[in-house]
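Q: I would like a close look at a single part of this model. Please keep it brisk.

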Amino acid sequence: MTETMIIGGGSGMGFALARVLVAEGVTIVGRSIDRLATARADLEQAGSGRVQTRRADIGREEDVAELFAGDQQVDRVAVTAADIAGS
Ligand SMILES: NC(=O)c1ccc[n+]([C@@H]2O[C@H](COP(=O)([O-])OP(=O)(O)OC[C@H]3O[C@@H](n4cnc5c(N)ncnc54)[C@H](OP(=O)(O)O)[C@@H]3O)[C@@H](O)[C@H]2O)c1
């Protein structure tokens, strides 16, 4: 089974992608544990599939290293986490 890690999967475009891929197994990543927990509950309610959550700030090198340090299978990585609205 293909496992997709979606960095930014707790909301917006990443969450929409997670909904499409949830049957294959997804890991959603973000900074807010509460946001991730809410998204996970929504995804699990939406259909069968395995949903994991990981807290990480991809602006922090040590968080990124930790994210990929384990032995979890990751076949695809999608990154929608960004703050490009500007001001
Ligand atoms: N939606 C659109 O149609 C659209 C179109 C063009 C451009 N964009 C741009 O694309 C980006 C994503 O859009 P979106 O609508 O999906 O936004 P969104 O709903 O704000 O989703 C971004 C996700 O990324 C996570 N995130 C942000 N910074 C992070 C970090 N440093 N480390 C880990 N996770 C992080 C956020 O969770 P936490 O805050 O919990 O970390 C959030 O769940 C935005 O910059 C937006 O301006 C969006």
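Q: In which sense do strand β1 and β4 pair, and over how many bridges? Please set that pairing in the context of the sheet around it.

A: This is a predicted model. Strand β1 covers residues 4-7, and its pairing with β4 is parallel, over 4 bridges. One bridge can be named: Thr 4 is partnered by Arg 76 in β4.

Now the sheet. It is open and has 4 strands, in the order β3-β2-β1-β4, with parallel pairing. Two strands form the edges: β3, residues 51-55, and β4, residues 76-79. Each of these edge strands pairs on one side only. From one strand to the next, the twist averages 20°. As a general point, strands of a sheet pair through backbone hydrogen bonds, in either a parallel or an antiparallel way.

Next, the helices. Helix α1, residues 12-21, lies across β1, β2 and β4. Its direction is at about 165° to β1. Helix α2, residues 33-46, lies across β2 and β3 and runs at about 170° to β3.

Last, the largest pocket. It holds about 420 Å³ of space. Its lining has 22 residues, and the closest to the pocket centre are Gly 8, Gly 30, Arg 31, Ala 81 and Ala 82. Helix α1 gives the most to this lining, with 3 residues. At least two lining residues come from each of α1, β2 and α2. By class, the lining has 10 polar, 8 nonpolar and 4 charged residues.

Conventions
Residues numbered from 1 in each chain as written. Predicted model: local features only at pLDDT ≥ 70, side-chain atom pairs only at ≥ 80, totals over all residues. Heavy atoms only, no water. Pairing = 2+ DSSP bridges. Axes fitted to C-alpha atoms, helices over the stretch in contact; angles between N-to-C directions. Contact = heavy atoms within 4.5 Å. 1 Å grid on protein atoms, 1.4 Å probe; cavity = no way out; pocket = protein on both sides within 12 Å on 5 of 7 lines; lining within 4 Å. Points joined across faces, edges and corners; volume = space filled by probe spheres on them. Nonpolar A, V, L, I, M, F, W, Y, C, P; charged D, E, K, R; others polar.
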